[in-house]
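Here is a friendly walk through one protein model and the ligand it holds. Please keep the viewer open as you read.

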Amino acid sequence: MSYDYLRVTREGRVGVIRLDRPQAHNALCNGLVAELGRALDAFDGDAEIGAIVLTGGDKVFAAGADIGEMLDRDMAGLQAEDFPFAADGGWAALERCRTPVVAAVAGYALGGGCEMAMACDLILAADSAKFGQPEVKIGTMPGAGGTQRLVRAIGKAKAMELCLTGRMMGAEEAERAGLVCRVVPAGELETEALALATTIAGHSAPVVRLIRESVNQAFEGPLQAGLTFERRAFQSTFAFEDRREGMSAFAEKRKPSFRHK
Ligand code: CAA
């Protein structure tokens, strides 16, 4: 598959998708988002891929939806295609992707860029990362999860401030607030993201899938439903050979050899 706005590679069991539209600060034009959907779907359907890294450039992860493309659009058109969540686009692919996606963010992650990082399973940040929802400054508002995921990730007070002022939050503040799992030196972001994704991809794929769904259940639903979901998911790991292999390996003091299936 060839791409105009992405660079797509693989490192062992990790699929790497790099947003690559530097002349527009990786603004999420329709073409880029459609390509992202194709790349995510391809990796998600590939049994040899156990985790995905979604990243951008050194100075910009993504500066949001493409303002030039939106300039002359009207409400009826946006509503008709449910923009930005167009049914066959990258946003929907990110939502349905069952392979864990690590967002590796350096530089600006603004507007739709911040929302895209938040739609991933976790965010690893370079110390140069800057997160924000500046839509208010151009007379609109977040439309791809900014007012929803940001509140759940960092709480109402900080999310409200960021969305109402458009202020950017640096990497250290983002880590303190709970938006990112870790901050690493900018020069080490790629290596660290690959190491993180490789660790995930080395575990049993069906178990990873259940853990991911269970954590997302906590993010999205009420506690008792989440606890029940977690218990059933835990019990179902006992149907996998990988569960027996993992425990046997521990008892026999050796490394497990997971089948991944
Ligand atoms: N859409 C289209 N083009 C963009 C863009 C965007 N979101 N962000 C940057 N660009 C383009 C600029 O127009 C410029 O292009 P030209 O060289 O052709 O003029 C190029 O990228 C470089 O940008 P700047 O000259 O502005 O670079 P800078 O380093 O001075 O500033 C920045 C960087 C702070 C990220 C600034 O570009 C900026 O504020 N961008 C807009 C951020 C924004 O408002 N994002 C929200 C978009 S709305 C949205 O995302 C809605 C949603 O929820 C789905």
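The report below takes up the ligand site, then the two domains, and finally two backbone details.

## Around the ligand

Please keep in mind that this is a predicted model. The ligand has 20 residues around it, and those that come nearest are A65, I67, G112, E115 and E135. By type, the shell divides into eleven nonpolar, six polar and three charged residues.

Three of the nearest residues also offer polar atoms to the ligand, and it is worth zooming in on each of them. At A65, a polar backbone atom sits 2.9 Å from an oxygen atom of the ligand. I67 likewise uses its backbone, with a polar atom 2.9 Å from a nitrogen atom of the ligand. With E135 the side chain takes part: one of its polar atoms is 2.9 Å from a ligand oxygen atom. The ligand taken alone exposes 990 Å², and 61% of that is buried by the protein.

Which elements give two or more residues to this shell? They are helix 2 (67–70), strand 6 (108–110) and helix 5 (112–119). I67, with its backbone contact to the ligand, falls in the range of helix 2 (67–70).

## Two domains and their interface

The domain assignment splits the protein into domain 1, covering 6–201, and domain 2, covering 205–251. Their C-alpha centres lie 26 Å apart. Where the two meet, nine residues of domain 1 are in contact with seven residues of domain 2.

The size of an interface is often expressed as the accessible area lost when the parts come together. Here, domain 1 and domain 2 bury about 720 Å² between them, with 50% of it on carbon and sulfur atoms. On the domain 1 side, the residues losing the most area to domain 2 are R98, D121 and R152, which together make up 61% of what that side buries.

## Two backbone details

Two spots in loops deserve a look. The peptide bond from F83 to P84 is cis, and its omega is near 5 degrees. P84 belongs to the loop between helix 3 (75–80) and helix 4 (90–96).

The other spot is N26, which is not a glycine and yet has a positive phi of about 55 degrees. You will find N26 in the loop that runs between strand 2 (14–19) and helix 1 (30–44).

Notes
Residues are numbered from 1 along each chain as its sequence is written. This is a predicted model: local features need pLDDT of at least 70, side-chain atom pairs count only at pLDDT 80 or more; totals for chains, interfaces and linings use all residues. Side-chain values use heavy atoms; hydrogens and water are left out. A residue is near a molecule or strand if one of its heavy atoms lies within 4 Å of it. A polar contact is a pair of N or O atoms within 3.5 Å; within protein, one must be able to donate a hydrogen and the other to accept it, and residues adjacent in sequence count only if both atoms are side-chain atoms. Accessible areas come from the Shrake-Rupley method with a 1.4 Å probe; for residues, only the protein chains shown count as cover. Helices (H or I, at least four residues) and strands (E, at least two) are DSSP runs, numbered from the N terminus. Ala, Val, Leu, Ile, Met, Phe, Trp, Tyr, Cys and Pro count as nonpolar, Asp, Glu, Lys and Arg as charged, and the others, Gly among them, as polar. Domain bounds come from an automatic or database domain assignment. Contact means heavy atoms within 4.5 Å. Buried area is the accessible area (1.4 Å probe) that two parts lose on being put together, summed over both.
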